[in-house]
Structure formats: C-alpha cells, structure tokens
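Please open the model in a viewer and keep the sequence panel visible. The tour below moves from the whole chain to individual side chains.

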Amino acid sequence: MENSAVIVPDGELITDKSKFGNYPSEYEGHFEGVMISYEQICSRTKTIAKAIHQDFHGRRPVLICVLKGASVFFHHLCMELQKLRQGFSIEFIRASSYHGNESTGNVKITGMDISSVRSKDIILVEDIIDTGITLSKMLPMYQEEEPRSLNVCVLLDKRLGPERSLLNQAGKHTAKYTGFSIPDSFIIGFGLDFNERYRDLEDIYVISEEGMNCDFKDS
C-alpha cells in the first residue's frame, strides 16, 4: 500500500468562492483560498486507513490523538478503520511546549499514562508536522517505554528548509503515514486553528491577512 504523501504544489489554491465549502458568515474575507478540499481529505484518509489496516491486520494498535488539532482527522480516520473492520484502541493526549533556556524547548504530555504503551503497537496521530520540535521531543518519551512498534500518522507535512525543521536533520523521526505534503503557508480548518478559531471549517484554507487581524468579539 502506497504511503507517500500527496504533494500539494506551491501556490496551488482554489480561490473561486463558489467552490468553497460551508463556513460561518463571520469568516467572510478571512481566506486566501482553499488548499485542500474536504473531499480530498476524505479520499486520502481512506487510503491511509487501508495502509494501516494492511500493516496491522489481526493486531490491535493503539491510536493516540494529539489534541486539539488532530481531533477532526482522528475521527475520520477511526471511522474509515471501522469500515475495514480493523480493531484498535484509542487514547487522547495534549502535548504542550514551553520554552526554557534551550532554543528547542521542552514538551509536557498530559492525558494518559505513557507507561501503558509497553509492548503495544502505537500510532501517534497528529494534524501537522511544522517545525517538528514537539514530535522530536514526544517520540523518545514513548520509545523509552518499549512499545512493540511506534509510528506516526499525520494529515499534513509542511515543507520547510533545513534551517527551520528539526525533522530534516539526520536521525530524526518522520511520519510513516502522511496525508499531504504542503507548502509553507499558514493554514486553518479541519481542526487546525488560529487563536482557537477556524477549527470548525470543513476544508483546509490559507488564512488571509484580514483573518489574522480580525478581533472576534465572543458573545
């Protein structure tokens, strides 16, 4: 089963608003365009689920959702695995970064007992690999607990130069299951946010300057 990411070319956006998915009226003008449509996401998620099923048929991997961003992708992935009659268990974690004296920062994981992964097949489900800092800190924590296997499933892998991405350095872990390889743009939707907004979009958009500068007034 082919696990290679679908390449989204630089500068490729749907800007025709008639082809946008549904979105709240308060978001009008907040998008440069659609980078990946809901239909494309669903199709690719189905392919990823088939690849996971092929690798873990007859076994029961533990799917660990990294909140909040991966929650929507995680839900769709689980639904596709259910259709394939693939057994799995689920866990939810939050991985928070806080910067100390080291430029790479530190990561704190909450939401589950990491020691419970021992001798199990683990798949970490992420929304996006950006700089790779959080993932590069998380993986050794799980590896120390000696799981049977440890893999990463990510919806989006952002293309960055070696000066920005830890994962471009030799020996760093990359995702086994990847949805899309995307340009270095600020994206929102399908669980991804900007200041806790836009997670409720069904498509993945590039945010506009107006969207970044909007001062929402919560009711």
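The stops that follow cover the overall fold, the aromatic side chains and the cysteines.

**Stop 1: the whole chain**

Begin with the entire chain in cartoon representation, bearing in mind that this is a predicted model. The chain contains 4 helices and 10 strands. Traced along the sequence, these elements follow the order β-β-α-β-α-β-β-β-α-β-β-β-β-α.

Next, display the contacts. Among those with a separation of 6 or more, 74% are between residues 24 or more positions apart.

Then switch to a surface representation. The exposed area of the chain is about 11300 Å², and 46% of that area is supplied by carbon and sulfur atoms. Of the 219 residues in the chain, 46% are buried.

**Stop 2: the aromatic side chains**

Now show the aromatic rings; the structure holds 10 aromatic pairs. Select Tyr27 and Phe31 to inspect one of them. The ring centres of Tyr27 and Phe31 lie 6.4 Å apart and the ring planes meet at 80°, so this pair is edge-to-face. Tyr27 and Phe31 are both buried.

Keep Tyr27 selected and add Tyr198. Here the ring centres of Tyr27 and Tyr198 are 4.6 Å apart with the planes at 45°, so the pair is classed as tilted. This pair connects distant parts of the chain, 171 residues apart. Tyr27 sits in the loop between strand 1 (6–7) and strand 2 (31–36), whereas Tyr198 belongs to the loop between strand 9 (187–188) and strand 10 (204–207). Both Tyr27 and Tyr198 are buried.

To see the wider arrangement, extend the selection to Phe20, Tyr23 and Tyr205. Together with Tyr27, Phe31 and Tyr198, these residues form one aromatic cluster.

**Stop 3: the cysteines**

How many disulfides does a search of the whole structure find? The search returns 0 disulfides. For reference, a disulfide is a covalent bond between the sulfur atoms of two cysteines.

Select Cys65 and Cys78 and display the distance between their sulfur atoms. Cys78 holds the cysteine sulfur closest to that of Cys65, yet the separation is 8.0 Å, which is too far for a bond. The cut-off applied to a pair of cysteine sulfur atoms is 2.5 Å.

Is Cys65 buried or exposed? Cys65 has a relative accessibility of 0% and therefore counts as buried.

Finish by selecting Cys214. Its relative accessible area is 29%, and Cys214 is partly exposed.

Note on methods:
Residues are numbered from 1 along each chain as its sequence is written. This is a predicted model: local features need pLDDT of at least 70, side-chain atom pairs count only at pLDDT 80 or more; totals for chains, interfaces and linings use all residues. Side-chain values use heavy atoms; hydrogens and water are left out. Rings of Phe, Tyr and Trp (its six-membered ring) pair if their centres lie within 6.5 Å; planes under 30 degrees apart count as stacked, over 60 as edge-to-face and the rest as tilted. Buried means under 20% relative accessible area, exposed over 50%, partly exposed in between (1.4 Å probe, protein chains only). Helices (H or I, at least four residues) and strands (E, at least two) are DSSP runs, numbered from the N terminus. Contact means heavy atoms within 4.5 Å. Accessible areas come from the Shrake-Rupley method with a 1.4 Å probe; for residues, only the protein chains shown count as cover.
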